[in-house]
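Welcome! Take a moment to look over the sequence and turn the structure around on your screen. Then let us walk through it together.

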Amino acid sequence: MLRAPLLSLSLLLPMLHFAVGVPANIRNEEPSLKHPYDEDGRPLITLPDPRDHTATDLSAYRIDHYDINVSLDPNRTYFRGHVIIHYFRLSLRTQCLRLDTLGLRVKSVYLLEGDMKGGGGKKIKLERRLEGRRPHLGRPLTIRMRGTPLQGKLLIRYSAIMSNNIAFYHHDDVWLSLTSPFYSRAWFPCADTLGGKARVRMTVTVPVGYTVVGVGRHVSNTTSKTTSTFTSRLDTPVSPYLMAFAMGRFEFTDISPRTRVWYRAPSRKMAERLGRLAVAMMPEVEAVMGPYTWGRYDLVVSPSKFRGMEIPNVNFFLEDMRPTEELPVLVHEMVHSWIGNTMSPRYGADLWIKEGINNYVSSHIMKRRNVSQILEAIGGGIYGEGSYDEFFYSAPEKSNTLKTALSMIAPDLTGFNPRDYLLSSVTYFKSMFFMKEVEMEVGRSRRMIRFIRYLTRKYDTLTTDQFMEEFEGVFPGVGVRWKEWFEEEDPERKYENEVYNRMKEEGLLE
């Protein structure tokens, strides 16, 4: 995901995420839906894992599949939806299931039994409770599961405000669900954590004239006199923030058998050029990262608050990017198919894994010998000349907003609003400079790329500790300044500047 539209890539930043918790007594064998309160009258909420910013306890239950159904009308203030959640409990002792919500009005929760489509099933209403509201944290939804099967399906009906909803970006006739990395809870109840990966089927109903392009592969669309309904599905588990869609009055062009570009009419020229660039660059990315395994690679080019967003099978891009931004943004989002979507960070503080390592790999791909010929063939000089090194490895400058305690890679976010970390340059650029220093210590970039490919094949989710352990196992004896980069406060960006100056001295910057 890349932020937009800003003049420096060092300002490309992810959206904030939230921290919510779970009452300690929720793990009791016979829990109550009444929770203790502190002296200020707020519920006492603790996290199942202090590194995780979700009310969901993934050690107690998992979500296998979401079936999301929403009806959206830009002319209305509210939208309605329901989600069918396929869950499984890991223990009979788990008596409550908890999900994240933010600004949702939960109307009812049912356990579904039998074949609902065939008419032989039934709905059993379950007791539920929305916990007390915390600023920026949302309201955890607790569902009483006593007496329910270990595996089953829940039907949750809800509604929410559509205008000014933090999950949606709106400009003219375009609506995008941009929820990275913890905003999905604002448009459907979910286990809203990076490690809570699940499969998804998405059905969105909109007024006639609008088109919806959703995550995964297109399944069907139907039209009545007043509405159109679009369904897509993804059978590969992904984090909830990737369960997204774009709604607008789109046109499309098929660039290749597996690549289609969606755009608004005024952006056709730029969108088709970006689509041709994507088709040409995919073999270059695959040469570095291995085969692309997601099937289709489509693009939505529209207004957005990000330059790019890595929705599986259909990446979102900003329609008014400058030509010199198109290649690095495109490559960054394409690399997310391996780093971020396939191998995901496990916790909020691990976001550097999907952004900093991505930037390191992207800068490597753009040095491949065929790239300049591809740019000339597609852009005819519009992309300019010269190196893209400055786009990634510009001289680090002191940040006036970066909090000292959050200036190390993968900091402890306890007690902090996570936005203070996620809206900093640490996740994108400090970690990228760290990776470059490690490469110089290892000796060859190819060895680092092979190591990263190995991680994407081994891990579904990856933590910082696992990264360190794997590195020390593959490269024993290589000196890495773990303490300096990951534990020491560095608001002056000293270590980044050391790497930058070393790159200049060794002639590694073009």
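## Cysteines on the inside

With a relative accessible area of 3%, C96 is buried. Please keep in mind as you read that this is a predicted model. C190 is buried too, and its relative accessible area is 0%.

How many disulfides does the count come to? The answer is zero. For a pair to be counted, the two cysteine sulfur atoms would have to be within 2.5 Å.

## A helix that is largely enclosed

Now find helix α2, which covers residues 323-335. Of its 13 residues, eleven are buried, so the helix is largely enclosed by the rest of the structure. Buried here means a relative accessible area under 20%.

Which residues of α2 are buried? Among them are L327, P328, V329, L330 and V331. The list also includes charged residues, for E325, E326 and E333 are on it. H332, M334 and V335 are buried as well.

## Salt bridges, one by one

Across the whole structure, a search finds 29 salt bridges. Let us visit a few of them, beginning with D100 and R185, whose side chains meet with an N to O distance of 4.0 Å. This pair links distant parts of the chain, as the two residues are 85 residues apart. D100 sits in the loop between β4 (96-99) and β5 (104-113), while R185 sits in the loop between β11 (174-177) and β12 (198-207). Are D100 and R185 buried or exposed? Both are buried.

R185 has another salt bridge, with D192, and there the closest N and O atoms are 2.9 Å apart. D192 is buried, just as R185 is. You can also look for K354 and E355, whose side chains meet in a salt bridge at 2.5 Å, N to O. Both K354 and E355 are buried. Salt bridges can also share partners, and in this way D172, D173, R264 and E319 are joined into one network.

## A positive patch on the surface

Finally, let us move to the outside. Which residues form a positive surface patch? They are R369, R444, R446, R447 and R450.

To find one of these arginines, go to the loop between α3 (352-365) and α4 (371-379), where R369 lies. Why does R369 count as exposed? Its relative accessibility is 73%, and exposed means over 50%.

Note on methods. Residues are numbered from 1 along each chain as its sequence is written. This is a predicted model: local features need pLDDT of at least 70, side-chain atom pairs count only at pLDDT 80 or more; totals for chains, interfaces and linings use all residues. Side-chain values use heavy atoms; hydrogens and water are left out. Patches are made of residues with over 30% relative accessible area and no salt bridge: like charges are joined within 9 Å, nonpolar side chains (Val, Leu, Ile, Met, Phe, Trp, Tyr) within 5 Å. Accessible areas come from the Shrake-Rupley method with a 1.4 Å probe; for residues, only the protein chains shown count as cover. The place of a charge is taken as NZ of Lys, CZ of Arg, CG of Asp or CD of Glu. Helices (H or I, at least four residues) and strands (E, at least two) are DSSP runs, numbered from the N terminus. Buried means under 20% relative accessible area, exposed over 50%, partly exposed in between (1.4 Å probe, protein chains only).
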